[in-house]
Amino acid sequence: MTGTTDMWAELKKINPVGKLIPNTIDGACSPGDIAELFVTKYETLFKSVPTNPDEMTELRQTINSCIQRDNDDFVNIPPSVTAHYLRKLKRGKSDGNLGFDSDHLLNGTDKLTMLLTILVNAMIRHGHTAGDLLYSTIVSIRKDVRASVCSSNNYHGIALCCSICKLIDVIIINRFGTTLCTIDLQFGFKSGHSTTACTAIFMETVHYYIERHSDVLSCLVDANKAFDKGYYGQLFKILIKRNLPCYVTRFLLDSYTRQNMYVSWDLSRFRYLNTLNGVKQVGVLSPIRFIVYIDELIKRSGIGCHVGKQSVGALSYADDLRHLLLHIMATILYIHYDIHLKLFNT
């Protein structure tokens, strides 16, 4: 293979293992029954932490009351911004629904860019998402190639949406991103950050205390379905507190509470479901909204390790939270640290 061909990508195309579609999952045999099985699972998940209707009403009233304080020029998106971020979309990304993919936008004319700009500004200004942009399609992807293909627990949902939604997300991130910044103890979904940096700080903090003959106990928490169980009421209260323009907050609230997702199986789409909790299942902005959501939790930890005056009591990478707490269990600490260091070095 020559040029810039990705060897692993080519091997995946040759190897059909990841593309096998089983005929039976959890006893369901037909494509319709299997799709209905996944609909039930996703419906249970996305309606597990609903926001109280009274709280949602109060939230909308709060947002509407501060709309007049927004600077209209600040919210208005110029065509040059749309054109700039339009070119950053990835090619070949399908919406899984209408047959409209990112190439339709990337190959469009200046007139299309102008029309997209008008659409984006109108939706943000009026806090209303166009109907076709509310629909996404969930496809169920195997998590572990070594586990059973016939168990629904070995699948997780990946949502496909219209590239216009992704374009809007990118514009919001880059135009209003300063209100969505998180503290340095968060390492997920940030440019220039990685799991390596997070682990290095973790190890250095433990070493810092051991060298000073102090005892440390670490607790690693993997939040189960953290993206899918975010509480709408709290999420949008945080966005208001961070002074995200109320026009944008109202638009995002509308797109969240009115979104619908089809469940797809074996190239066919079946009935849709709406969601009552979790960050929106599609889009570039969703991971950032999640880390904003848990940022207050990290800030409030307060207790735990400090290196000098810098608090490192809680480190976070996506939905993996590492808490470093002072403790008096020296023997357990040294065993834990020795094992962790050996694993890290291998």
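This dialogue explains how several features of a predicted model may be read.

Student: Where should one begin, and which residues have the most contacts inside the largest nonpolar core?

Tutor: One may begin with the buried nonpolar residues that are joined through their side chains. In this predicted model, the largest such core has 51 residues, and Ile172, Phe236 and Leu252 have the most contacts inside it.

Student: Which helices each supply at least two residues of this core?

Tutor: They are α3 (53-66), α5 (79-86), α6 (102-106), α7, α8 (163-176), α10 (232-241), α11 (246-257) and α12 (286-300). The largest share, nine residues, comes from α8. Apart from this core lies another, of 17 residues, which includes Val39, Tyr42, Phe46 and Val263.

Student: Is Phe236 buried or exposed, and what does it contact beyond its neighbours within four places in sequence?

Tutor: A residue counts as buried when its relative accessible area is under 20%. Phe236 is therefore buried, because its relative accessibility is 0%. With those sequence neighbours left aside, Phe236 is in contact with Leu59, Thr249, Leu252, Leu253 and Tyr256.

Student: How many aromatic pairs does a search of the whole structure find?

Tutor: The search finds nine aromatic pairs. One of them joins Phe236 and Tyr256, whose ring centres are 5.4 Å apart. The angle between their planes is 85°, and planes over 60 degrees apart count as edge-to-face, so this pair is edge-to-face. The pair links distant parts of the chain, for Phe236 is in helix α10 and Tyr256 is in helix α11, 20 residues apart. Tyr256 is also buried, with a relative accessible area of 0%. Elsewhere, ring pairs link Phe38, Tyr42, Phe46, Tyr155 and Trp265 into a cluster.

Student: Which residues make a nonpolar patch on the surface?

Tutor: Nonpolar side chains can also be found at the surface, and a patch is made of residues with over 30% relative accessible area. Here Met114, Leu115 and Ile118 make a nonpolar patch of about 290 Å². Leu115 is found in helix α7 (residues 110-126). Its relative accessible area is 49%, so Leu115 is partly exposed.

Student: Where does Asp26 lie, and how far in space is it from Asn153?

Tutor: Residues far apart in sequence should also be compared by their distance in space. Asp26 lies in the loop between α1 (7-14) and α2 (31-46), and it is partly exposed, with a relative accessible area of 45%. Asp26 and Asn153 are 127 residues apart in sequence, while their C-alpha atoms are 9.2 Å apart. Beyond its neighbours within four places in sequence, Asp26 is in contact with Leu37, Cys150, Ser151 and Ser152.

Technical notes:
Residues numbered from 1 in each chain as written. Predicted model: local features only at pLDDT ≥ 70, side-chain atom pairs only at ≥ 80, totals over all residues. Heavy atoms only, no water. Patch = residues over 30% accessible without salt bridge, like charges linked within 9 Å, V, L, I, M, F, W, Y side chains within 5 Å. Areas by Shrake-Rupley, 256 points an atom, 1.4 Å probe, with all protein chains shown as cover. Salt bridge = Lys/Arg side-chain N within 4 Å of Asp/Glu carboxyl O. Helix = DSSP H or I, 4+ residues; strand = E, 2+ residues; numbered from the N terminus. Buried < 20%, exposed > 50% of the residue type's maximum accessible area, 1.4 Å probe, protein only. Core = buried A, V, L, I, M, F, W, Y, C linked by side-chain atoms within 4.5 Å. Contact = heavy atoms within 4.5 Å. Phe/Tyr/Trp six-rings, centres within 6.5 Å; stacked < 30°, edge-to-face > 60°.
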